[in-house]
Amino acid sequence: MIQFPNAKINLGLQLVEKRPDGFHNLVSCFYPIGWTDALEILPASNGEASFTLSGLPVPGDPTANLCWKAYELLRKDFNLPAIKMHLHKVIPMGAGLGGGSADAAFTLKILNQQFKLNLTEAALENYARQLGSDCAFFIRNQPVLTIEKGDVFEPIPLDLTGWHLLLVYPNLAINTAEAYAGVSPRFPEKDLKTLLSQDIASWKEEVVNDFEVSLFPKYQVLADLKTQLYEMGAEYASMSGSGSTMYGLFQTPPAGPLPFPKEYSVWQGVL
């Protein structure tokens, strides 16, 4: 069975407070997008489990990959047979797009289907939360307002269907710990859910990603990309997650060739 784990963007990200467990409480909107990896899982005919990779290089031991951890998590509870798993990596890592979390969540979903485990979406979300803060989002894979560590969700009536999205990853991986080290949590003056209910024209001034304050002075390329996206006609531009992907929302696709260096990863499509 093969599926295509998709990325997400953050529409606003408010860091509210530091938790006693060292994590941060946040408020953000996760929105699924069409940039995908490819993940295939088959029964292992020889009885030997394996996990292989292609596409973008993924550092570290494959058995430490979230996909493999997802398999081990379900194998422990359901005595799953050996599988052959292959991940073709396309979504950049350290990019604020949730690609690794999506891969893990889709592993859970594929295994649930393939071996008829009959797990509900709620049960799959609980497994996903054991793998990472935003993994659970990709189980239902629909726009939500996320709170606490990014693993508790509230419905949000937000529909960007028809908007053109342009993503630019400047080949710069930002470590999550580095991103959080530079922020000062605070309770926002305005509720993000209310801000996102307003016309997109108002988002430029009011819907912010709190990581930009600390990361833009350190990485000028990010600030420059945001300015460039607005100059190209974006109605709204922002960094996704803790970076470093910058994105713009356009009413119509940008005209002409895209003015980004060839070493950047660029994706565009209609939401």
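Student: Which residue stands opposite Gln3 in β4?

Tutor: In this predicted model, Leu39 of β4 stands opposite Gln3.

Student: Why are β1 and β4 said to pair?

Tutor: Pairing requires at least two bridges between two strands. Two bridges join β1 to β4 (residues 38–43), so the criterion is met. The two strands run antiparallel.

Student: What makes β1 and β5 edge strands of their sheet?

Tutor: The sheet is open, has mixed pairing and follows the order β1-β4-β6-β5. Both β1 (2–3) and β5 (50–55) pair on one side only, and this makes them edge strands.

Student: How do you know that helices pack on this sheet, and which strands do α1 and α2 touch?

Tutor: The test is contact, meaning heavy atoms within 4.5 Å. Helix α1 lies across β4, β5 and β6, at about 155 degrees to β6. Helix α2 touches β1, β4 and β6, and its direction makes about 30 degrees with that of β4.

Student: What is the strand order of the sheet that contains β10 and β12, and what makes these two its edges?

Tutor: This open sheet of four strands has the order β10-β11-β9-β12 with antiparallel pairing. Its edges are β10 (236–239) and β12 (265–270), since each of them pairs on one side only. Between neighbouring strands of this sheet the turn averages 15 degrees, direction ignored.

Student: How do you know that β10 pairs with β11?

Tutor: At least two bridges are needed, and four bridges join β10 to β11 (residues 246–250); therefore the two strands count as a pair. Tyr236, for instance, has Leu249 in β11 as its bridge partner.

Student: Which strands do helices α8 and α9 touch?

Tutor: Helix α8 (residues 211–218) touches β10 and β11, and its direction makes about 75 degrees with that of β10. Helix α9 (residues 220–231) touches β9 (164–169), β10 and β11; its direction makes about 10 degrees with that of β11.

Student: What is the domain assignment, and how many residues does the contact take from each domain?

Tutor: The domain assignment gives domain 1 (2–155) and domain 2 (164–270). Their C-alpha centres lie 23 Å apart. The contact takes 27 residues from domain 1 and 35 residues from domain 2.

Student: How do you know that the lining of the largest pocket draws on domain 1 and domain 2?

Tutor: Each of the two domains gives at least three residues to that lining. The pocket holds about 1,000 Å³ of space. Of its 47 lining residues, Gly98, Ser101, Asp134, Thr176 and Ser242 lie nearest its centre. Helix α2 (99–114) is among the elements that supply at least two lining residues, and it gives the most, with five.

Student: How do the linings of the largest pocket and the second largest pocket divide by class?

Tutor: For the largest pocket, the lining divides into 21 nonpolar, 19 polar and seven charged residues. The second largest pocket, with a volume of about 180 Å³, has four nonpolar, one polar and six charged residues in its lining. Among the residues lining the second largest pocket are Arg186, Glu189, Lys190 and Asp210; Asp, Glu, Lys and Arg count as charged, so these four belong to that class.

Terms used: Residues are numbered from 1 along each chain as its sequence is written. This is a predicted model: local features need pLDDT of at least 70, side-chain atom pairs count only at pLDDT 80 or more; totals for chains, interfaces and linings use all residues. Side-chain values use heavy atoms; hydrogens and water are left out. On a 1 Å grid over the protein atoms alone, a cavity is a set of points where a 1.4 Å probe fits but cannot get out, and a pocket is an open set with protein on both sides within 12 Å along at least five of seven lines; lining residues have an atom within 4 Å of a point. Grid points are joined across faces, edges and corners, and a volume is the space filled by probe spheres set on the points. Domain bounds come from an automatic or database domain assignment. Axes are lines fitted to C-alpha atoms, for helices over the stretch in contact, and angles run from 0 to 180 degrees between N-to-C directions.
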